[in-house]
Amino acid sequence: MITVKIRYDSIEISGHAKDSIVCHAVSAVSGMVANYVESQRWGRVASDDNGYLKIYDVREEYIGNPLFSAMTKALYDICEEYPENLIIEHV
């Protein structure tokens, strides 16, 4: 099961899904956003090889940016189609 924790200035993704298509989809969406955040210095990124990714300390002026809205929408779409593989929590 992949768990996504959405906070005001961060998003944290951890775990693995039973269905590899879900892992690939979540990785593609979140990895693209993480790479952009890091390259533009919008915030910080932490990750490991075990399915963990955290985008955090997002600068105030970028919180609510359409890029984050698009990522969140994509994750909710994946969750809707594969609810047994992905859970999203607002904390």
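**Entry 1: aspartate 57.** I began with aspartate 57, which lies in the loop between strand 4 and helix 2. The model is a predicted one. I looked up the phi of aspartate 57 and found a value near 50 degrees, positive in a residue other than glycine. I then asked whether aspartate 57 is buried, exposed or partly exposed. At a relative accessibility of 39%, aspartate 57 counts as partly exposed.

**Entry 2: arginine 41.** I turned next to arginine 41, in the loop between helix 1 and strand 3. Arginine 41 comes just after helix 1 and takes a positive phi of about 60 degrees. I noted that arginine 41, too, is a residue other than glycine. Its relative accessible area is 66%. The cut-off for exposed is over 50%, so arginine 41 is exposed.

**Entry 3: the sheet.** I traced the strand order of the open sheet of 5 strands and recorded 3-4-2-1-5, with mixed pairing. Which strands stand at the edges? They are strand 3 (44-47) and strand 5 (86-90); each has a single partner strand, so one side of each is left without a neighbour in the sheet. I also recorded the turn between neighbouring strands of this sheet, which is 10 degrees on average, direction ignored. Within the sheet I examined strand 2 (residues 10-15) and strand 4 (residues 53-56), which pair in the antiparallel sense over 3 bridges. I looked up the bridge partner of glutamate 12 in strand 4 and found lysine 54.

**Entry 4: helices on the sheet.** I recorded that helix 1 (residues 20-40) lies across strand 1 (2-7), strand 2, strand 3, strand 4 and strand 5, and that helix 1 runs at about 35 degrees to strand 4. Helix 2 (residues 66-81) lies across strand 1, strand 2, strand 4 and strand 5, at about 135 degrees to strand 5.

**Entry 5: helix 1 in detail.** I checked the length of helix 1: at 1.5 Å a residue, its 21 residues should span 30 Å, and the end C-alpha atoms are 30 Å apart, which agrees. At the start of helix 1, I found a side-chain oxygen of aspartate 19 within 3.0 Å of the backbone nitrogen of isoleucine 21.

I listed the buried residues of helix 1 as Val22, Cys23, Val26, Ser30, Val33, Ala34 and Val37. Seen down the axis, these buried residues fall within an arc of 130 degrees, so they line one face of helix 1. An α-helix has 3.6 residues a turn, so residues three or four places apart point the same way. I noted that what covers the buried residues of helix 1 includes helix 2 and strand 1. The face turned away from the buried side of helix 1 carries the exposed residues His24 and Asn35.

Notes:
Residues are numbered from 1 along each chain as its sequence is written. This is a predicted model: local features need pLDDT of at least 70, side-chain atom pairs count only at pLDDT 80 or more; totals for chains, interfaces and linings use all residues. Side-chain values use heavy atoms; hydrogens and water are left out. Two strands pair if DSSP finds at least two bridges between them. Helices (H or I, at least four residues) and strands (E, at least two) are DSSP runs, numbered from the N terminus. Axes are lines fitted to C-alpha atoms, for helices over the stretch in contact, and angles run from 0 to 180 degrees between N-to-C directions. Contact means heavy atoms within 4.5 Å. The expected span of a helix is 1.5 Å times one less than its number of residues. Buried means under 20% relative accessible area, exposed over 50%, partly exposed in between (1.4 Å probe, protein chains only). The arc is that of the directions from the helix axis to the C-beta atoms. A polar contact is a pair of N or O atoms within 3.5 Å; within protein, one must be able to donate a hydrogen and the other to accept it, and residues adjacent in sequence count only if both atoms are side-chain atoms.
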